Amino acid sequence: MLQTNRTDNWENRDKMPPEFRPAPVVSLAEVLGVLAFIRRHVLIISLTCFAALGVATLYLITAVPTFTAKALLIVNSKTTFVDAAAVSTIVQSQIGIIKSESIASAVIDRLRLAQDPEFATGQGSGMISRLLGWSKPQTEVSAARYALEPFERKLSAKRVGATYLVEVTFDSKDPDRAAQILNAVAEKYITHQMDKAGLQDEKWVKDRLNDLSTQALAAQKALEDYSKNRKEPADSAATIDKLVAAAESSKSAYDNFRHVLRKTEATQQQSSPVFDASLVTAASPPLKASSPKPRIVLGIATVGGLLLGIVIGMLRDLSQSIRTSGQEPRPSAQDDRIERPVADAVRQDSEASAKARTVRLTGSG
């Protein structure tokens with residue numbers, strides 16, 4: 001009856017949904033087996049764990065620390081967007097500008113990073129080719145191109161939540177150098193946005209407006225002065241007409257230039273939004289290294305050493321079991337010496353019985 005109830009319980013357990021099934025119970029024999037396995041291979045597990053910790057400690061001692069400088073930028077749009085997806089797309093485009101090759105090249109040229117060993121690691125790959133004459137001599141342009149790859153790898157930018165804030169980071173072996181490079185990147189990006197904000201910020205536009213305004217004022221003043229000081233009425237009419245034409249021409253040129261300027265700015269604002277980028281938090285030298293992290297490295301080494309020791313112990317048990325099952329019992333030399341006379345006696349008895357049967361058969365015939 002008890003056996004029937006157990007069978008019904010197991011059948012009901014299989015029919016139950018997976019989330020309502022009881023968890024498997026670990027038996028005492030399994031626990032004892034695990035403890036016995038650890039007891040047998042505690043030495044191997046300890047050695048692999050200590051070896052992994054030793055390698056991790058050596059790595060922490062010899063590894064060059066990396067420092068990460070951080071800066072915070074805000075990208076304010078002068079136009080109002082209702083669609084959040086459009087805002088996200090625009091902010092991501094600004095992140096692409098921050099990480100663009102033009103800004104990276106400008107910062108590399110300004111800070112002379114092409115001569116910095118940290119950014120010139122790729123230049124040594126073609127040393128043999130240059131010695132054998134297979135490649136052209138290195139120039140400043142090629143050195144700057146070599147510095148672009150590590151520069152772009154060390155520079156990172158991401159949007160902070162659903163805001164217009166952008167966090168920019170830069171990794172370097174020198175904390176002061178990391179902050180200097182990151183501030184240069186932020187300054188170059190802000191300058192780039194100011195240059196693209198509108199034609200009013202262009203120097204030549206301001207100079208041209210000043211020149212046209214000065215010419216218009218000078219022509220108008222010349223007309224007013226001549227009108228006040230004229231003495232000969234015969235020549236005054238022709239001269240006044242010339243001065244009036246010059247004043248109107250100068251004023252018309254000034255007005256036309258301002259009209260074209262306003263129209264161009266309106267077209268730019270309608271075709272693409274204008275951004276006002278500013279630096280919220282400037283980069284400062286980090287106080288501690290961002291990598292390597294000792295706790296993470298030592299933790300990974302400890303877990304890896306334990307797992308490696310367990311795997312080695314399992315392999316040893318498996319090899320011993322295979323060796324034990326593959327061995328067959330072989331007779332020893334003493335057993336061979338004992339069994340040989342017995343076999344000879346049995347053979348002699350069989351031969352004697354065969355002869356006796358032959359004699360009896362012959363006598364009966």
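How many helices and strands does the protein have? In this predicted model, the count is 12 helices and 4 strands. The chain runs to 365 residues, and 24% of them are buried. Contacts between residues with a separation of 6 or more are mostly long-range affairs, with 81% of them joining residues 24 or more positions apart. The accessible surface of the protein adds up to about 25900 Å², and carbon and sulfur atoms hold 59% of that area.

Next comes the inside of the fold. The largest nonpolar core has 34 residues, and the members that touch the most others are Phe151 and Ile181. Quite a few elements chip in with at least two residues each: strands E1 (67–77), E2 (155–159) and E3 (165–172), along with helices H4 (84–98), H5 (101–111), H7 (140–154) and H8 (175–195). The top contributor is H8, which supplies 9 residues. Setting aside neighbours within four places in sequence, Ile181 has contacts with Val107, Leu111, Leu113, Phe119, Phe151 and Phe170, so two of the names to keep in mind here are Phe151 and Ile181, the members with the most partners in the core.Val107, one of the contacts of Ile181, sits in helix H5. Val107 counts as buried because its relative accessibility is 1%, against a cut-off of 20%. Beyond residues up to four places away in sequence, Val107 touches Leu113, Phe151, Ile181, Ala184, Val185 and Lys188. Val107 and Ala186 are 79 residues apart in sequence, yet their C-alpha atoms are 9.9 Å apart in space.

Which residues does Thr169 touch, not counting those up to four places away in sequence? The list is Thr68, Ala69, Lys70, Lys154, Leu155, Ser156 and Leu182. Thr169 itself belongs to strand E3 and is buried, with a relative accessible area of 14%. Strand E4 (residues 275–281) is where Ala277 is placed, and this residue is buried too, at 9% relative accessible area. With neighbours within four places in sequence left out, Ala277 is in contact with Ile74, Tyr189, Ile190 and Gln193. The C-alpha atoms of Ala277 and Leu165 are 9.9 Å apart, although 112 residues separate the two along the chain.

Then there are the charged pairs, with a count of 7 salt bridges. One of them joins Arg110 to Glu187, and the closest N and O atoms there are 3.2 Å apart. Arg110 is in helix H5 and Glu187 in helix H8, so this pair ties together parts 77 residues apart in sequence. Glu187 counts as partly exposed, at 42% relative accessibility.

Another salt bridge pairs Asp116 with Arg177, the closest N and O atoms being 3.5 Å apart. Asp116 lies in the loop between H5 and helix H6 (127–131) while Arg177 lies in helix H8, so parts 61 residues apart in sequence are tied together. Are these two partners buried or exposed? Asp116 is buried, with a relative accessible area of 16%, and Arg177 is buried at 18%.

The side chains of Lys154 and Glu118 also meet in a salt bridge, 3.3 Å from N to O. Here the link runs between distant parts of the chain, with Lys154 in helix H7 and Glu118 in the loop between H5 and H6, 36 residues apart. Lys154 is buried, with a relative accessible area of 17%, and Glu118 counts as buried at 11% relative accessibility. Lys154 is also among the contacts of Thr169.

What about the outside? Leu28, Val31, Leu32, Val34, Leu35, Ile38, Val42, Leu43 and Leu47 form a nonpolar patch on the surface, and together they have about 840 Å² of accessible area. Helix H2 (28–40) and helix H3 (42–62) are the elements that give two or more residues to this patch, and H2 gives the most, with 6 residues. Val42, a member of the patch, is found in helix H3. At 45% relative accessibility, Val42 counts as partly exposed.

Finally, the record has something to add. An unreviewed UniProt entry carries the annotation "transmembrane region" for residues 43–61 and 296–315. In the model, residues 43–61 are 100% helix and 0% strand, with the end C-alpha atoms 27 Å apart. Residues 296–315 are likewise 100% helix and 0% strand, and there the end C-alpha atoms lie 28 Å apart.

Note on methods:
Residues numbered from 1 in each chain as written. Predicted model: local features only at pLDDT ≥ 70, side-chain atom pairs only at ≥ 80, totals over all residues. Heavy atoms only, no water. Core = buried A, V, L, I, M, F, W, Y, C linked by side-chain atoms within 4.5 Å. Buried < 20%, exposed > 50% of the residue type's maximum accessible area, 1.4 Å probe, protein only. Contact = heavy atoms within 4.5 Å. Patch = residues over 30% accessible without salt bridge, like charges linked within 9 Å, V, L, I, M, F, W, Y side chains within 5 Å. Areas by Shrake-Rupley, 256 points an atom, 1.4 Å probe, with all protein chains shown as cover. Salt bridge = Lys/Arg side-chain N within 4 Å of Asp/Glu carboxyl O. UniProt positions renumbered as here; feature names shortened; annotations may be inferred.
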